[in-house]
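Trainee: Could you show me how to read a ligand site and a small sheet from a set of coordinates?
Mentor: Let us look at the structure together and take the ligand before the strands.

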Amino acid sequence: MAKAPVSAQDELFALRLDRSAPDLWPMLDALYGHRPDYPAFRTALLKTLKQAWDARPADLKRLDLKRDLEPDWFLRPDMAGYVFYIDRFAGTLTGVLDKLDYLSDLGITYVHFMPCLKPRPGDSDGGYSVMDYRQINPALGTMADFEQVSAALRARGMSLCIDLVLNHTAKEHAWARKATKGDPKYQDYYLMFDTPDLAQRYEQRLVQVFPDNAPGSFTHYPEFGKWVWTTFNEHQWDLNWANPQVFLEITRIMLFLANRGVDVLRLDAVAFLWKRIGTRCQSEPEVHMLLQALRACSRIAAPALIHLEEAIVGPAEMLPYLGRGRHDGREGNLAYHNSLMVQFWGALASRDTRLMGHVLATHFPQTLTNATYATYIRCHDDIGWAVTDEDAAAVGLSGPAHRAFLSAFYEGSFPGSFAKGALFQVNEATGDKRISGSFASLAGLETALAAEDAAGVDLAIQRILLGHALIASFGGIPLIYMGDELALLNDDSYLNNPAQAHDSRWSHRPRMDWPLAEAAHSGDSPSARVFQGTRAILARRRATPGLHSGYGTRIVFPENTGIFAFQRLAPAGPVLCLFNMTEVWQHLPLAWVQAQGVTRMHDALSDTAVQAHKGTVSLPPYARVWLT
Ligand code: GLC
């Protein structure tokens, strides 16, 4: 009997499975192969992948093919992201539709909706305590609205990123509710112990994430007699990734969201996924095996989807999230460049780029495989001073002293500081003091406006544009955090909200100021200058092919510690990016500039020629140039 003909869609699935099988099964074999339920898990996973593929809408399958043909789509210089809370930016999900012209005009091609899945009621850690991954937060809209908005974005060629919290669910999630009622199947979805001793043994090495308001990493629930692992807040229960059922459930959710039109999944807090006693339980090797396996699942059943991994860790620990060693090219397509952000603020405060150059040259390679950074200056979270003692010592600094200096500087208490920020989670045991605050307030605008200091206002504006020019050229997708394009200041109204008052991160999660945004298209108010400057930076980025993220980034060291410099290694000739991190003029020998491969002396950022005088190139306060 002749075999039934294989449909083209089935054949495509089979080819995609063949392509990614070597990335998938070896990881799962190693993670779960020893378990008696492993064969059944493999069968269930295959079924999940095929069902998701069969359910994938035709327009998304077309996008899959398009991205197969243009695998560098997310590396191109026209990519520029904008990150916002839906309610604070547009009221509701469908309200976003009315704001798309604003975003297009700014040069945005990628939007990140801050957590939009159904959170627990009350304090939900800004939406990161999710009780249903298949529903949209009802305060924002419905899944039908979501699909409408995602289709509208797709029609404009804009990519959509949303958060997927992998490390924990809300304690109100259906799995957690069943676990609370004593169902052993669901208790095994979480990490919960009958007695406190194991929790105490783990606790010895764990780093506290929220020491102020959620000390410790375990919560005891006498009602059902368990000690539950709660790395973040009490209401966020860590999932047990050693259980393959968790892998299966999350894969289903991931593909469900992909099929609603998500292009980029921001995988939240991934460093914490795997626990190993006697370690910090962060960035364990199994984390990278899990992330590679999840990535392979996406590539099989929703190939247009890419993964952004959120691991806010030290410089040496961060790179593996973009795939190192055997994971090269197979893990995150994107990961936050936390070190670039920290070093930007560090160099601004110290007026010295030595540590910045050292960290970025030592810990990061020039090129990555099928991956790039999410570059940013501000986001919804605090800034932690992820500077190691070794790196500080390498440039003659004391790690603890430098970190303490940065906290004091950005809190605003250091004499002469231009910044105005707020402390977040002071850890008495380690001396760590993290910082909250908006880009503009940390960059000096709030202080200067209060002092009616016009020159100070000017410098603050230049610092913001310096930061945006840095993230637009370093390599990666620059992410503009909502309001930073208008220089919005800290908003302390959160102090009046009992669910937020304990969390100073709300000071830099303002509401969008639409009248200000309207007015910013003309005139020379601080907001207008920052808006127009940021828009120009993104436009010049689009117009500069040498900034493609596939090209290498090589840190170079001019003999001037006020200037941070790197080359973008474009085949048609390097782009030399220079940043004066100080409020005074800085000078470089023309011969050094030319030795970096600069031939035309054309600044691609301002699109003008740069003149040298008597063999010297001079950079005004906070200047940024992209020299070709
Ligand atoms: C991530 C989020 C942060 C949240 C945490 C716990 O780090 O960015 O806002 O508090 O995860 O979900």
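Trainee: In which pocket does the ligand sit?
Mentor: In this predicted model, the ligand sits in the largest pocket.

Trainee: Which residues surround the ligand there?
Mentor: Its surroundings are made up of D125, Y128, H168, F210, F232, Q236, R266, D268, E310, H380, D381 and R505. Sorted by class, the residues of this shell divide into 6 charged, 3 polar and 3 nonpolar.

Trainee: How should I look for polar contacts, and which distances from ligand oxygen do D268, E310 and R505 show?
Mentor: A pair of N or O atoms is read as a polar contact when the two lie within 3.5 Å. Here the side chain of D268 has an N or O atom 2.9 Å from an oxygen atom of the ligand, while for the side chain of E310 the corresponding distance to a ligand oxygen is 2.8 Å. For R505, a polar side-chain atom lies 3.2 Å from an oxygen atom of the ligand.

Trainee: How much of the ligand's exposed area does the protein bury?
Mentor: The ligand taken alone exposes 310 Å², and the protein buries 94% of that.

Trainee: Turning to the sheet, what is the order of its strands?
Mentor: The order is β7-β9-β8 in an open sheet of 3 strands, with antiparallel pairing. The edge strands, β7 (192-193) and β8 (218-221), each pair on one side only.

Trainee: How many bridges join β8 to β9, and which residue stands opposite K226?
Mentor: Strand β9, residues 226-229, runs antiparallel to β8 and is joined to it by 4 bridges, and the residue opposite K226 of β9 is Y221.

How values were computed. Residues numbered from 1 in each chain as written. Predicted model: local features only at pLDDT ≥ 70, side-chain atom pairs only at ≥ 80, totals over all residues. Heavy atoms only, no water. Near = heavy atom within 4 Å. Polar contact = N/O pair within 3.5 Å; in protein donor to acceptor, adjacent residues only side chain to side chain. Areas by Shrake-Rupley, 256 points an atom, 1.4 Å probe, with all protein chains shown as cover. 1 Å grid on protein atoms, 1.4 Å probe; cavity = no way out; pocket = protein on both sides within 12 Å on 5 of 7 lines; lining within 4 Å. Sits in = over half its atoms within 2 Å of the grid points. Nonpolar A, V, L, I, M, F, W, Y, C, P; charged D, E, K, R; others polar. Pairing = 2+ DSSP bridges. Helix = DSSP H or I, 4+ residues; strand = E, 2+ residues; numbered from the N terminus.
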